[in-house]
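Reader: I should like to learn how the surroundings of a residue and of a ligand are read from a model. Please take the general idea first and then the case at hand.

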Amino acid sequence: MVEQLTTASSLARLVPVHEPPAGREWWRSSVIYQIYPRSFRDLRGDGVGDLPGITAEIPALAELDIDAIWLSPFYRSPQKDAGYDVADYCSVDPLFGTLEDFDALVAEASRHNIRIIVDLVPNHCSDQHPLFQKALASPAGSPERDLFIFRDGTGDHGQNPPNNWQSHFGGPAWTRITEPDGTPGQWYLHLFDTSQPDFNWDSPAVHAEFEKILRFWLDRGVGGFRVDVAHALIKKSGLPDWGGRADGSSSEGFPGSDAPMFGQPGIHDIFRSWRKILDSYDGDRVLCAEATIDPIERLSDWVRPDEMHQTFNFAYLHHPWHAPALRHVIESSLHAFDRVGAPTTWVLSNHDVVRHASRFGLTGAGPRTGDGLGPQDEQPDLDLGLARARAATMLMLALPGGVYLYQGEELGLPDHTMIPDEFRQDPTFHRTAGVRVGRDGNRVPLPWKANLPSYGFSSTGESWLPQPPIWGRHSRDIEQRNPDSTLNLYRRALDLRRELDLGNGSLAWWPEHDDDGLVAFVNGGVLVAMNMGDAPVQLPDLPRLMGSSPDALEGARLRPNRTVWMRLG
Ligand code: GLC
C-alpha cells in the first residue's frame, strides 16, 4: 500500500479531509504575531518594554511576513496581573507610553500592511477601576453593585463565601468586602486574582460600557480584538457549586461542559452584538476568542458566521509528542470548524503556557495552562526541545487555516526555569505561596543583540525579569547571521506558506504510519512530513525538497524530531 502511494501522482490523488475555504478574507489564513509589550523592546530604558519599542521594530517583524500583531494589554492598570487587570480601558498606561504612541504604532504597522489587534478584557477589570470603586462605596442592591457579582455570604453571619468556586490563580474565587459603614459585608466574585472583580454580564449597563470601548479602539484603527477569557462572561443563574477544575477544562466526573461559569448559552448574543459593531466598520476587522471550551465541536459554535471570526485552538496547543494524538486533533479541529465555515487556527505558544521549545523537551506533557517550570521541576532537554519545536512549527505553518505565533518563538526561545523567587510577579506564584511558580518563565524580555547588556532589550540594560545566559545564543543578531537559525527557518517557511497559499489550502493525509510515528499530509502540492518516532522513516522519492528543519535527512530517510516539505511535481 505504502509503496503504491509513494509516487507524486498517487500522492496528488489522495482524498482531502479538508477543502479550501469558499471565502478569501485575510483572517481565514492569517499569521498573527502576539506581542507581550512589557517584554518585547524597551526604548525608554526603565526595564519594561513599551509601545515606541514595538514601533521601532515593526520592520523586523515585517520580515516575518505576518498579517497582524496581537498586543497583550497596555491599558492603564495597577499591573497586578501584568495588565489583565484594567483600570481604564480607553487609555495607555504610562509604563508603555501614550495614546499618541499607540497611534504612531498603528500607522507604522499599517505602512507595512500589518494590522494591530488589541486585547479586550471583558470578564473582569481591576479593583481600581472607577466603576468598582463606586460599587464598593454604594450599598448592597444598588445599581453600582449590579455591574459586578456581589452576593451575601453563607453561614450565620455571612462569613463563608457564597459558593465553592475557586480562582484560576489558586484560593477561593470570592473576597469579602468591608461595607462603607465599617461592617463586614458582601462578597464579590473574581475568577482570577482578588484584584480582578468579574463584571455582571446580565446587566445591560455592562454591555453598553463595552460597546463604547469597542468603538473607541475601532475608531483608532485597530484591526480587531482578541477577547480575553471569552468563555466566562455569563455565569449560570443561581451560581451553583462546581467541583471540577477552576479553569473549566474537563476532569474525572466533571465534564467542562457542565461548568456553571463557562460556556453558558447567553454568551452567543454578546458575540453577535459585537460582530455587528465590527461589521459596521470598513476593513474586515476580527474577533478572536480565548476560550477553554471542551469539546472542540462545542467551541466551533463560537465562530458561526454571525459570531466571532476565530477562536484559539488549545486542544492543538496541548497535543502530546505522539503521532496518532496529533493527527486526531488536526482532523477533529478541521471537521469541527469546517462544519460552521470558519477557519481552524493553530498555536503552539503564548504568554500563559510553557514555550513549546521547553515543553517538547520534557518527558511528560508538562504543566497545565497557567503554570510554569521552576528550579524544582524536571528541566527540559533543550536540544531535544528545540529540534522538536522547529519540526512542530514547520508542520504548523503548512496547515490550512490561521496561525498564532508568540514573540520569541521565532528565535527558538525556551522558558527561563531558574528565575529567583524575588523576581516573580505572576499572581499564581503569590496566591499559592510558590507551590505553582506561574508564568513568568515564558515572559522574559527578548534578546536582540548578544553583546549588549540585557541582550539589547533595553536602551539602559535594565530588564524587569532576569534573562538566562542562553539568551546570548538566541539573540536576534546572531540568528540573523546564521542561515540555519530558527529565525531563518521561520522566515523561509512563512514566505513559502504565503507563496503557496497554504493557509487557504486543503489537507489530505498520507496513509497512516501509526507504527513509525510519521505525521504526513499533502497541502497545495506539497508533502509535509514530521517524524515523531524514534527511528528514521523512508520518504517517497519526490523531485524537490522545499524546506526542512535542520539536519532532517539521512539519505532518503527522515530523522526523528524533524519535518520536511517536499514538492509533489
Ligand atoms: C487570560 C490571559 C491571562 C490572564 C487571564 C486573566 O487567560 O491570557 O494572561 O491572566 O486571562 O485576565
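Author: Contact means heavy atoms within 4.5 Å. Leaving aside residues up to four places away in sequence, Q425 touches R38, K80, H430, D440 and W464. The model is predicted, so local features need pLDDT of at least 70 and side-chain atom pairs pLDDT 80 or more, whereas totals for chains, interfaces and linings use all residues. Residues are numbered from 1 along each chain as its sequence is written, and side-chain values use heavy atoms, without hydrogens and water.

Reader: Where does Q425 lie?

Author: Q425 is in the loop between β11 (402-406) and α13 (427-431); helices (H or I, at least four residues) and strands (E, at least two) are DSSP runs, numbered from the N terminus.

Reader: Is Q425 buried or exposed?

Author: Buried means under 20% relative accessible area, exposed over 50%, and partly exposed in between (1.4 Å probe, protein chains only). Q425 is partly exposed, because its relative accessible area is 38%.

Reader: Which residues come nearest to the ligand?

Author: A residue is near a molecule if one of its heavy atoms lies within 4 Å of it. The ligand has 14 residues around it, of which D81, H124, D228, E290 and D352 come nearest.

Reader: What polar side-chain atom distance applies to D81?

Author: A polar contact with the ligand is a pair of N or O atoms within 3.5 Å. A polar side-chain atom of D81 lies 2.6 Å from a ligand oxygen atom; for a side-chain N or O atom of D352, the distance to a ligand oxygen atom is 2.5 Å.

Notes
Polar contact = N/O pair within 3.5 Å; in protein donor to acceptor, adjacent residues only side chain to side chain.
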